[in-house]
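Reader: Could you walk me through this one? I would like to start with how the parts are named.

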Amino acid sequence: SSRITLLVLLGVAFVAHASDPDILTDFVVPSGTNASVLDGAFFTYTGLIADNSANPAKFTVSKATAAEFPALLGQSVSYAALVFGPGTVNPPHVHPRASELLYVVQGPLMVGLVDETKNELYAQTLQTGDMFVFPKGMVHFQFNGGDHMARAFSAFGSASPGTVSLPVTLFESGIPDAVLEKSLHVDEATVHALEHDLAPPAPAPAPDS
């Protein structure tokens with residue numbers, strides 16, 4: 001339990017809570033866009049694909065935030081499609097600028113959040129049609145422990161909710177190994193193994209000319 005507490009506190013330490021600013025117009029036209037030629041296409045997004053056919057064994061997420069869908073600027077809303085291959089996890093993470101409302105369209109799917117003030121885990125196995133809310137700034141995760149694919153959609157109360165991954169923050173942000181060893185009560189080999197597992201894949205070699 002002490003290790004869970006430390007992970008949560010370290011994750012929360014990296015989070016700055018904020019919210020979307022109020023806007024004075026009905027919607028925001030991105031810089032460089034000619035507002036006089038806007039049509040329905042500006043308010044349409046077709047890139048949210050709830051599929052991981054490229055690699056069904058992995059967890060994949062497709063986002064529709066202000067970065068992908070500029071019409072969301074100032075609207076305090078965004079969306080994500082999540083697909084979980086069997087045995088995959090969306091690791092513990094935090095959304096610093098938004099609450100998340102998750103809706104399971106293909107279950108079961110285990111979810112959980114941590115109340116860092118009580119060091120208490122709230123977990124639930126959701127079935128198809130169930131919903132679960134993750135309050136803003138709280139550490140949470142999703143896990144497909146079954147033998148079949150699971151799917152969910154998440155709505156966020158921000159056009160740019162942000163995501164802070166605890167594993168990446170701890171092991172890929174440059175924190176000295178000695179600090180992680182002492183803090184997590186593990187040896188150097190374990191820290192190095194975790195850093196290796198979380199490191200991004202090496203780029204593919206350039207083809208011969």
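Author: Helices (H or I, at least four residues) and strands (E, at least two) are DSSP runs, numbered from the N terminus. With that naming, His185 is found in the loop between helix H3 (177–184) and helix H4 (188–198).

Reader: Before we go on, what kind of model is this, and how are things counted?

Author: This is a predicted model, in which local features need pLDDT of at least 70 and side-chain atom pairs count only at pLDDT 80 or more, while totals for chains, interfaces and linings use all residues. Residues are numbered from 1 along each chain as its sequence is written, and side-chain values use heavy atoms, with hydrogens and water left out.

Reader: Which elements have the lowest and the highest mean pLDDT?

Author: pLDDT is the predictor's confidence in each residue, from 0 to 100. Helix H1 (residues 2–13) has the lowest mean among the elements, at 50, and strand E7 (residues 131–134) has the highest, at 98. For the protein chain the mean is 85, and 83% of its residues reach 70 or more.

Reader: And how many helices and strands are there?

Author: The protein chain has four helices and ten strands, and from the N terminus on they run α-β-β-β-β-β-β-β-β-β-β-α-α-α.

Reader: Back to His185, is it buried or exposed?

Author: His185 is exposed, because its relative accessible area is 56% (buried means under 20%, exposed over 50%, partly exposed in between, with a 1.4 Å probe and protein chains only). His185 also has a positive phi of about 60°, although it is not a glycine. Ser76, in the loop between E1 and E2, is likewise not a glycine and has a positive phi of about 55°; with a relative accessible area of 32%, Ser76 is partly exposed.

Reader: Which residues does a cis peptide bond join?

Author: The cis bond joins Gly107 and Pro108, with omega about 0°, and Pro108 lies in the loop between strand E4 (100–106) and strand E5 (109–115).

Reader: Let's switch to pockets. Which residues lie nearest the centre of the second largest pocket?

Author: Val61, Lys63, His93, His95 and Thr163 lie nearest its centre, among 23 lining residues. On a 1 Å grid over the protein atoms alone, a cavity is a set of points where a 1.4 Å probe fits but cannot get out, whereas a pocket is an open set with protein on both sides within 12 Å along at least five of seven lines, and lining residues have an atom within 4 Å of a point.

Reader: Which elements give two or more residues to that lining?

Author: Strand E1 (59–64), strand E2 (78–84), strand E3 (89–94) and strand E9 (150–156) do so for the second largest pocket.

Reader: Since His93 came up, why does His93 count as buried?

Author: His93, which lies in strand E3, counts as buried because its relative accessibility is 4%. The side chain of His93 makes a polar contact with the side chain of His95 at 3.4 Å (a pair of N or O atoms within 3.5 Å; within protein, one must be able to donate a hydrogen and the other to accept it, and residues adjacent in sequence count only if both atoms are side-chain atoms). The His93 side chain also reaches the backbone oxygen of Pro91 at 2.6 Å.

Reader: Leaving aside neighbours within four places in sequence, what is His93 in contact with?

Author: Taking contact to mean heavy atoms within 4.5 Å, the partners of His93 beyond those neighbours include Glu100, Met138, Thr163 and Leu166.
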